[in-house]
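Let's take a friendly walk through a protein model. Have the sequence and the 3D view ready, and follow along as we go.

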Amino acid sequence: MLSAVLKSPSLVRASPLARRAFSTNLPALQQAAAASKSSAVPNVKNYINGEFVESQATKWIELKNPATQELLGLVPETTREELEEATKSAVSAAKEWKKTTVLQRQRVMMDLQYLIRQNQDKIAANIVEEQGKTFVDAKGDVFRGLQVVEQACALTSQMMGEKLTVAKDMETYMFREPLGVTAGICPFNFPAMIPLWMFPLSIAAGNSIIMKPSERDPGAMMMLAELAAEAGVPKGVLNIVHGSVDCVNYICDAPEIKAISFVGSDRAGQHIYTRGNANGKRVQANLGAKNHAVILPDANKQATLNAVAGAAFGAAGQRCMALSTLVLVGEAKEWLPELAERAKQLKVGYGMDPEVDLGPVITVQAKERAERLVQSGVDEGANLLLDGRGIVVKGYEKGNFVGPTIITDVKPHMECYREEIFAPVLVCLNVDTLDEAIEMINANPYGNGTAVFTNSGPIARKFEHEIDVGQVGINVPIPVPVPPFSFTGSRGSILGDMNFYGKSGLHFYTKPKTVTSLWKETDASHTRSSVAMPTMQ
């Protein structure tokens, strides 16, 4: 039975995004606009030592429904004292939690995955309200995170060590130990999936963790904390704090925190990676992206156009693996009018409407930025094949809606190509050969994901081996690996050498220890008695 935290209508809500989470040209960390505390809306609480605690913050961040601009609540700029209290709780809990067996932690993860599955719809509904996704897409957000929890249930085999006899009576063996206190800093675009990349594996490995969800949509993380407690995660093992710059800097500086997982913008990620490393922390940081899809003329036309439309415009383009860039080889460019027709059929609106295909972008500022970048393409000579700007949804006139937009004849020097727009905007470039497409993608600084659409095995093989991108789809538009594989973005899309989830993710939250032992068999004292006549040897 769920507690009042899940049932309460005043459960934590979401705030607007001052600028989108994955921008490539923004200040390193932005101080969120503060609002005065109000009794008219609920306040998001911290979660410290197993309790939901009202913050004593003096600065608060407004949370708004991106489809309506309705003020849903206020998120605190967690105070220094509260951050220290969360850390103290995590340190104390980590000392005891690491003593538990892998089997005990596995049982907790099994219960957690069951509870998440039972409450998937409730978490998804919260995501629709706070983040703006469609209900179906929000359920997918929860489900893809749930898969990582299921991976954590396989901990018994993944945590096995190694052992080798290296000499007479001498053995060397290696096992992995938890790090202690870890931390997770999350973006707005996947309120459930990204936190579930972090805290279940960290906890399953024997650590405690301090989570900082996005101040723009923390509700899903708060609901997951309630479920974690119900599943048996002890007090202090999972803590949640809120805020922006000061909170992030505290996490980077606190000596008790040994590792930081981050997903977000380039500049924020570079700041966290540099500052965290300077303080001796292990850091994994997933950053920005510019994901290209290459279409060959021999591809299955109908399946390809459907896949591209879904991957470019789904989730209002606010996926780090969205196909935001289309590269058309040769006569494949003649398919663009049909792609535009498919995009026109997508319905924009509020996410709880089952007929809606894409919801709003996260904030007014995100909408304005997307529209500005679309106009920059036009100003620089590109062709606006489909213009989704200025769309108004009946009943949601104040929503941050941008309709599917297609810009063609784009060149690599244009701002709309260089920037990650993070909206339902597809930029299209034309090339004559596959080699040109590969060269263009490899010249881009990012390496998160790419896809090629073709019916030629040799072309697919050439592409997968010559492309310098960490995640490749062959007739698959969004090639995000499922566990037990890891999320393997590369080049400018990641900082750190350990990837999220999979075996690499588990290794990030643990450290190896090697022991060499010598126990001489000849020293054994309790051996079988001899009844033979004693003789001098």
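A residue counts as buried when its relative accessible area is under 20%, and as exposed when that value is over 50%. Keep in mind that this is a predicted model.

**A helix with two faces**

With those cut-offs, look at helix α15, which spans residues 434-443. Its buried residues include Leu434, Ala437, Ile438, Met440 and Ile441. Why do these residues sit on the same side of α15? Around the helix axis they cover an arc of only 160°, so they share one side of α15. Now turn to the face pointing away from that buried side: here you find Glu439 and Ala443, which are exposed.

**A three-stranded sheet**

Next, find the open sheet built from three strands, in the order β5-β6-β22, with antiparallel pairing. Strands β5 and β22 are the edge strands, each pairing on one side only. On average, neighbouring strands of this sheet are turned by 25° against each other, direction ignored.

| Strand | Residues |
|---|---|
| β5 | 162-167 |
| β6 | 170-178 |
| β22 | 510-518 |

Strands of a sheet pair through backbone hydrogen bonds. In this model, β5 and β6 are joined in the antiparallel sense over five bridges. For one example, locate Thr165: its bridge partner in β6 is Glu171.

**How confident is the prediction?**

The chain has a mean pLDDT of 92, and 91% of its residues reach 70 or more. Over residues 1-28, however, the pLDDT is below 50. Beyond near neighbours in sequence, this stretch has 100 contacts in the model.

Conventions. Residues numbered from 1 in each chain as written. Predicted model: local features only at pLDDT ≥ 70, side-chain atom pairs only at ≥ 80, totals over all residues. Heavy atoms only, no water. pLDDT = per-residue confidence, 0-100. Contact = heavy atoms within 4.5 Å. Pairing = 2+ DSSP bridges. Helix = DSSP H or I, 4+ residues; strand = E, 2+ residues; numbered from the N terminus. Axes fitted to C-alpha atoms, helices over the stretch in contact; angles between N-to-C directions. Buried < 20%, exposed > 50% of the residue type's maximum accessible area, 1.4 Å probe, protein only. Arc of directions from axis to C-beta.
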